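Work through the exercises below with the sequence and the 3D view at hand. Each task is followed by a solution in steps.

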Amino acid sequence: MKKIVSIVCCAIMMAVCTAQAQDNQDNQPRKKGFNPEQMIEKKAQRICRELALDDATAKKFTETFREYKKELKALRTKDCCDAKKDGKKDLTEAEAAQMLKARFEMQEKTLSLQKKYYDKYSKFLTQKQIMRIYEMEKPHGDGHGKQRFGKPGQFGQMKGAKMGKGMQRKGMNGKGYEGQQE
């Protein structure tokens, strides 16, 4: 009888604790994601810290960086293809040529914008600082022009290690790497 009473008490206490935890979650304001302007501001602050800029230079950089990002966004939304066919596999040659030309034009305009802001940055930053900014702006980079992921052998098998039974990788002919049929 004592076991049943203690189990019932534990169940009641767990139910009360769960209800209180849910009430606490409902009363807390939900975190909202950053809007694009906040993201730009955070990135500018991170770059300022990385470059160890003084307050006056940091202020100039942040203003210029905001302008650059605003122009870049306008350029990308204005010139972006309305009919994106990137996922479409049955493109005609003319459509593919048009898409490639549009991509090249976008890259040229982006490069032109980068050169424009390079000139602006050159007025108050060193060349090494500007180089570092553009390195940090590269997508998927680690800031040194190297990829963060996908390094050969990073998650693969160690040299000399053998795979366990049923783990042999198969080649195109259905055989394992040692030529064994599974």
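A contact here means heavy atoms within 4.5 Å. The model is predicted.

**Exercise 1.** Describe the chain as a whole, from its helices and strands to its contacts.

Solution.
- Step 1: Counting elements gives five helices and zero strands, in the order α-α-α-α-α along the sequence.
- Step 2: Of the 182 residues in the chain, 19% are buried.
- Step 3: The exposed area is about 15400 Å², and carbon and sulfur atoms supply 56% of it.
- Step 4: Take the contacts between residues at least 6 apart in sequence; 50% of these join residues at least 24 apart.

**Exercise 2.** Decide whether T57 is buried or exposed, and find what it touches.

Solution.
- Step 1: Locate T57 in helix α3, which covers residues 55-79.
- Step 2: Buried means under 20% relative accessible area. T57 has a relative accessible area of 15%, so T57 is buried.
- Step 3: Leaving out residues up to four places away in sequence, T57 touches F124 and L125.

**Exercise 3.** Examine helix α2, its buried residues and its two ends.

Solution.
- Step 1: Helix α2 runs over residues 36-51, 16 residues in total. Its first and last C-alpha atoms are 22 Å apart, close to the 22 Å expected at 1.5 Å a residue.
- Step 2: The buried residues in α2 include A44, I47, C48 and L51. They lie on the same side of α2 because they cover an arc of only 100 degrees around the axis.
- Step 3: At the N-terminal end, N35 caps α2, with a side-chain oxygen 3.2 Å from the backbone nitrogen of E37.
- Step 4: After α2 comes A52, which has a positive phi near 55 degrees.

Methods. Residues numbered from 1 in each chain as written. Predicted model: local features only at pLDDT ≥ 70, side-chain atom pairs only at ≥ 80, totals over all residues. Heavy atoms only, no water. Helix = DSSP H or I, 4+ residues; strand = E, 2+ residues; numbered from the N terminus. Buried < 20%, exposed > 50% of the residue type's maximum accessible area, 1.4 Å probe, protein only. Areas by Shrake-Rupley, 256 points an atom, 1.4 Å probe, with all protein chains shown as cover. Expected span 1.5 Å × (residues − 1). Arc of directions from axis to C-beta. Polar contact = N/O pair within 3.5 Å; in protein donor to acceptor, adjacent residues only side chain to side chain.
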